[in-house]
Amino acid sequence: MTALLRPKPEDGAEEPSASVRVPSLPDVAAQARELGLRRVELVAWRDLDHPEAGGSEIHADRIATHWARAGLEVRLTTSRTPGAPAEVTRGGYRARRVAGRYAVFPRVAMENLLGPPAERDALVEIWNGMPFLSPLWASGPHLVFLHHVHAELWRMVLPRGLAAIGEAFERRVAPRLYRRSVLVTLSSSSRAEIVERLGLRPEQVRVVPPGVDERFSPGGARHPHPLVVAVGRLVPVKRFDRLIDVLVQLKAQHPTLEAELLGEGWARPALEARIAAAGAGAWLRLPGRVDDDALLDAYRRAWVLAAPS
């Protein structure tokens, strides 16, 4: 974990060059063990099996898997997944599903405040919209993964009253509780957003860019006709509805245009209706959630990758 906590350059300073040696996973695990960090717990809203899992859940799974392979004992505590067991082991780590969609937040806090001492040496909170408020109950070393500020996204997924509460809590209440925490985010732009919108100190937000899986490499053949590919959960915040409207307009200028919107989510019926209303069903496809091989093939066939989120 020391690699996750490497010093962040001051504002305006350049990131370390590619020639700077990055510790290997075994090195990081060995350093963690020397510090007495053998058992690590992650707390997250959802895990990889949840039907609404997205990029945050994939990131958590990859981190947990790599740490487990490096020799650390890793546990993920999260909400229940419909139709799935209360516990599951994957990638060398254990996922423990303790409560429902919203009850998981108070349940985790109560477990730590009122239950026996937690069997962990370090904690990672994944702050995805609603925080777990770990600074109030976590003992020992802990850090926070925060990929982005939800801001106006609250209004896109919740009724007006609940959205106002969520947005106010994120911007006014939570930052006061996390002012002494170390936060890890994925990009300099996300760091700037967190500092600006949440009022946190720049030095407490570290940037650790995500890696690229080796399978994502050049290869295959480009599609014979112009192909636009977009990947993500089919939910309003991804704005696939806007992308569909733009693609329909482009089709008039490029008659051979095709498009694939890969992913699954509760907004699928609305998007299907939008495609049908535009008469675009023959060339604008919703293949659903695909496996890794099909995803790689789509990336390689694409002429354009669109990210309207």
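## A network of charges

A good place to start is a group of six residues: E41, R75, R96, R107, E111 and R120 are joined in a network of salt bridges. Please keep in mind that everything described here comes from a predicted model. Across the structure, the count of salt bridges comes to 25.

The charged side chains can also be viewed as two sets. The protein chain carries 42 positive and 36 negative side chains, and the centres of these sets lie 3 Å apart.

## The overall fold

Let us step back to the whole chain. Its secondary structure is made up of 9 helices and 12 strands. Along the principal axes, the C-alpha trace of the protein chain spans about 60 × 50 × 45 Å. How does the radius of gyration of the protein chain compare with that of a compact globule? A compact globule of 309 residues would have a value near 19 Å, and the 21 Å of the protein chain agrees with this.

Contacts tell you how the chain comes together. Among contacts in the protein chain with a separation of 6 or more, 68% are between residues 24 or more positions apart. Of the 309 residues, 43% count as buried. The accessible surface of the protein chain comes to about 16,500 Å², and carbon and sulfur atoms account for 56% of that area.

## E260 and its two arginines

E260 is worth finding in your viewer, as its side chain takes part in a salt bridge with R285 (3.1 Å, N to O) and in another with R301 (3.1 Å, N to O). Is E260 buried or exposed? E260 is buried, because its relative accessible area is 8%, under the 20% cut-off.

Consider the partner R285 next. The side chains of R285 and E260 meet in a salt bridge. R285 sits in strand β11 (residues 284-288) and E260 in strand β10 (residues 258-262), so this pair ties together parts that are 25 residues apart in sequence. R285 itself is partly exposed, with a relative accessible area of 27%.

The other partner is R301, whose side chain meets that of E260 in a salt bridge. This pair links distant parts of the chain, with E260 in strand β10 and R301 in helix α9 (residues 292-301), 41 residues apart. Here both E260 and R301 are buried.

## D49 and R90

Another salt bridge to look at joins the side chains of D49 and R90, at 2.7 Å from N to O. The two residues are 41 residues apart and link distant parts of the chain: D49 is in the loop between β1 (39-43) and α2 (55-69), while R90 is in strand β3 (residues 87-90).

How do the two ends of this bridge differ in accessibility? D49 counts as partly exposed because its relative accessibility is 41%, whereas R90, at 14%, counts as buried.

## Two positive phi angles

Finally, a look at the backbone. Most residues other than glycine have a negative phi. Which residues here have a positive phi near 60°? L133 is one of them, with phi near 60°, and L133 is placed in the loop between β5 (122-126) and β6 (142-145).

R239 also has a positive phi, near 60°. R239 lies in the loop between β9 (227-231) and α7 (240-253). With a relative accessibility of 25%, R239 counts as partly exposed.

Note on methods
Residues numbered from 1 in each chain as written. Predicted model: local features only at pLDDT ≥ 70, side-chain atom pairs only at ≥ 80, totals over all residues. Heavy atoms only, no water. Helix = DSSP H or I, 4+ residues; strand = E, 2+ residues; numbered from the N terminus. Rg over C-alpha atoms; globule rule 2.2 N^0.38 Å. Buried < 20%, exposed > 50% of the residue type's maximum accessible area, 1.4 Å probe, protein only. Contact = heavy atoms within 4.5 Å. Areas by Shrake-Rupley, 256 points an atom, 1.4 Å probe, with all protein chains shown as cover. Lys, Arg positive; Asp, Glu negative; His and termini not counted. Charge placed at Lys NZ, Arg CZ, Asp CG, Glu CD. Salt bridge = Lys/Arg side-chain N within 4 Å of Asp/Glu carboxyl O.
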